[in-house]
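Here's a quick tour of one protein model. Take a look at the sequence and the 3D view before you read on.

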Amino acid sequence: MHAGLRITAFAAALAATFGTAYGVGKGVDPVVDEPAPARHESHSEASAAPEGDGHGGHETKPAGGLQISEGGYTLDLRTPGVTAGKRSDLSFVIRDDDGRAVTAYRREHDKELHLIVASRDLGTYRHLHPTRAADGTWSIPVELPRAGGYRVFADFTPAKKDAENLTLGADLAAAGPYEPQQLPTPNTTAKVHGYEVRLDGVLRPGKEHELKLKVSRGGRPVTNLQPYLGAYGHLVALRSGDLAYLHVHPNGEPGDGRTKPGPEISFTATAPSSGTYRLFLDFKHEGEVHTAEFTVRAGATATAPEAPGHEDGTAEHGH
């Protein structure tokens, strides 16, 4: 993104913090090309943030989503601002070292690129799949419910030999009266649209650990989950404070002969540091995608105090 646009978005976010309205910028454009599908692997794609970032723990490299440029690629956000409550077109380009728009991607989780939009207070979460035009511009309409600062994450792998998965991040401002929300208290049970999801397991700083999420409805386990993005569940974790991005792959996949369609979905995750995280689990049942949300502390036990259940989830979310 150009320096001028970054300064504008940052200044807008500061204004909202002091109770004023956010400034707005608007832009629209198209999108990119398709390569061969890639198989799931059970691994975490987030790395650690530098030591001394206030989260503790020994970390070796920046966590996902904290940088706008990495590995020779840059997220060029063409839409630095929107208006809260209004439908707007969000557009961006992934550029290589030479400034050219990337037009070929490896398909992962059934998509070439996954777009996550989350508010700075983690009260709003969107998992989106934009379309791409031949000129390398991605675009998608969005409607963000509340004013404030947001972070846009582009999760992708270029279709270049030996290219690694990247998560690049950029700031987005939503104009309007701003009222920050408190982070929900730690919970191991989430309720959404009549479903209950229980979390078993912990996030450990710098260590792999299994997370199991069990889906039920009306007190009965759901044993016929449907594949969504090539798996029975899709889990994203964001670190409170700086929104470091942890995208966790599931253990197993539909059709592998051993992974059952529920009620339990298993992931292996490594927290990049100690701290508080928000977990967002997308799962599909009877043709609908639902998002269960949790607040966890890395290293804490799974028997944290329960937050009051919200039938529609704690955060505003969408797909």
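What follows covers the cores, one buried residue and a pocket.

Keep in mind that this is a predicted model. Its largest nonpolar core has 28 residues, and a separate core of 27 residues lies apart from it.

**The cores**
- In the largest nonpolar core, the residues that touch the most other members are L203, L279, L281, F283 and F294.
- Several strands give two or more residues each to this core, including β11 (189-192), β13 (208-217), β17 (264-270) and β19 (288-297).
- β18 hands over the largest share, four residues.
- Zoom in on L281: leaving out residues up to four places away in sequence, L281 touches V197, L213, G233, H234, L235, I265, F267, H290, T291 and A292.
- The other core, with its 27 residues, has V82, I140, L144 and A154 among its members.

**A buried aspartate**
- You'll find D242 in the loop between β15 and β16.
- D242 counts as buried because its relative accessibility is 19%, and the cut-off for buried is under 20%.
- The side chain of D242 makes a polar contact of 2.7 Å with the side chain of R239.
- A polar atom of the D242 side chain also sits 3.1 Å from the backbone nitrogen of A244.

**The second largest pocket**
- This pocket has a volume of about 210 Å³.
- It's lined by 13 residues, and Y73, D96, V102, P158 and K160 are the closest to its centre.
- What is the lining of the second largest pocket made of? It divides into six nonpolar, three polar and four charged residues.

Notes: Residues are numbered from 1 along each chain as its sequence is written. This is a predicted model: local features need pLDDT of at least 70, side-chain atom pairs count only at pLDDT 80 or more; totals for chains, interfaces and linings use all residues. Side-chain values use heavy atoms; hydrogens and water are left out. A nonpolar core is a set of buried Ala, Val, Leu, Ile, Met, Phe, Trp, Tyr and Cys residues joined through side-chain atoms within 4.5 Å. Buried means under 20% relative accessible area, exposed over 50%, partly exposed in between (1.4 Å probe, protein chains only). Contact means heavy atoms within 4.5 Å. A polar contact is a pair of N or O atoms within 3.5 Å; within protein, one must be able to donate a hydrogen and the other to accept it, and residues adjacent in sequence count only if both atoms are side-chain atoms. On a 1 Å grid over the protein atoms alone, a cavity is a set of points where a 1.4 Å probe fits but cannot get out, and a pocket is an open set with protein on both sides within 12 Å along at least five of seven lines; lining residues have an atom within 4 Å of a point. Grid points are joined across faces, edges and corners, and a volume is the space filled by probe spheres set on the points. Ala, Val, Leu, Ile, Met, Phe, Trp, Tyr, Cys and Pro count as nonpolar, Asp, Glu, Lys and Arg as charged, and the others, Gly among them, as polar.
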